[in-house]
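Subject: The structure for you to look at

Hello,

Here is the structure I promised to pass on. Please open it alongside this message, and then read on for what turned up.

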Amino acid sequence: MKPEDIFPNQTAEKFEAWLQNTNERYRATQTPIRRRPLQALSDLSVQFNRAVSMVSPLAERVFKWFAAHSPPGAHTIGAMFTGVFLYDTAFWPVDIPVGHGQFRVSPLDSLTTMPAPVRESLWQSAEARPVFLSTWVDCFDYAYGADVLLRDGTLGERAKKFLENADAELRGASAALLTHRPTLKASIGFRMACEIYLKVFLLEERKLSDSELRALGHRIHVLAAACYAVKPHKEFRILEQGASAFPEVSARYDGTSGDPEEVFDAVFLTQQTAATVVRHFSSQDSRSQIPGLK
């Protein structure tokens, strides 16, 4: 999609005016600078009732405009979030960038440490590519959706605090897998993160008391079923059925590490659950914009 698809007459002037007015609104509401390009794409889609792809000429124009109207480096500082993907027996970081003026959102570009020949091999793999795309969009939506939820007033205080803790567990467990010598017992950390994300959902949707929350215990399959009963997101059912991928809580004391494939099952389910909870409470959902995503 191009700007002229939305602004057919006097495209440049109308598009510039829309961006100026939109940025003034973001300034008035103190929307963080790094969030503004993606928020503008979302607002365009809603206001003009048109699907806006993040890999379109229109998206590129929006990113360029905000880069030109922001402090130097505001859209290029670090990664918003770093997820994990397993390919060719190795764990690879999936860096979700803040974005910058000439940025095109490309899933493969997030594999910042993967050599080009390996990336090409992944992309040509009919088995690995859809898993990677699913991983990437979950990480992307989580990064931007959680950023909003942790800053605005959508969630109640208890749910927000739980989300902060879940985020810390997820990032810590991910970092443990992305070292020179991956800590395969990091699956315990992913288990903890997944449990807390489910409790974020239940705290906010069912307003559970402390005693009610304790009664659900640490059982991932029970928590996932309780979430599905509130809102039948298919991801909750997938998690309920696949909960055996996680080690028991007692494994932190006497469990084994597991092999990389087993660990990644826990990683994938946790990243998917985190994204599902964030999508539920925010407007962040990019899945329809990713060609080839199953």
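**The hairpin**

Strand β1, which covers residues 79-87, is mostly covered, with seven of its nine residues buried. Please keep in mind as you read that this is a predicted model.

The partner of β1 is strand β2, residues 90-97: the two run antiparallel and are joined by eight bridges. If you would like one pair to look for on screen, Tyr-87 has Ala-90 in β2 as its bridge partner. Together β1 and β2 make a hairpin, with two residues between them. One residue to look at in that turn is Asp-88, which has a positive phi of about 55°. Like β1, strand β2 is mostly covered; in β2, six of the eight residues are buried.

**The cysteines**

You may be wondering how many disulfides a search of the whole structure finds. The number is zero.

Why is there no bond between Cys-194 and Cys-227? A disulfide needs the two sulfur atoms within 2.5 Å, and the sulfur of Cys-194 is 9.2 Å from that of Cys-227, its closest cysteine sulfur, so the pair is too far apart for a bond. Looking from the other side, Cys-227 is in no disulfide either, and its nearest cysteine sulfur is that of Cys-194.

Both side chains' surroundings can be put in numbers too. Cys-194 counts as buried because its relative accessibility is 0%. Cys-227 is also buried, with a relative accessible area of 0%.

**A loop residue**

Where does His-180 sit? Its place is in the loop between α7 (157-177) and α8 (187-206). And is His-180 buried or exposed? His-180 counts as exposed, because its relative accessibility is 77%, and the cut-off for exposed is over 50%.

His-180 also leads back to the hairpin. Its C-alpha atom is separated by 9.8 Å from that of Phe-91, and the two residues are 89 residues apart along the chain. Phe-91 falls within β2, residues 90-97.

Best wishes

Notes
Residues numbered from 1 in each chain as written. Predicted model: local features only at pLDDT ≥ 70, side-chain atom pairs only at ≥ 80, totals over all residues. Heavy atoms only, no water. Buried < 20%, exposed > 50% of the residue type's maximum accessible area, 1.4 Å probe, protein only. Helix = DSSP H or I, 4+ residues; strand = E, 2+ residues; numbered from the N terminus. Pairing = 2+ DSSP bridges.
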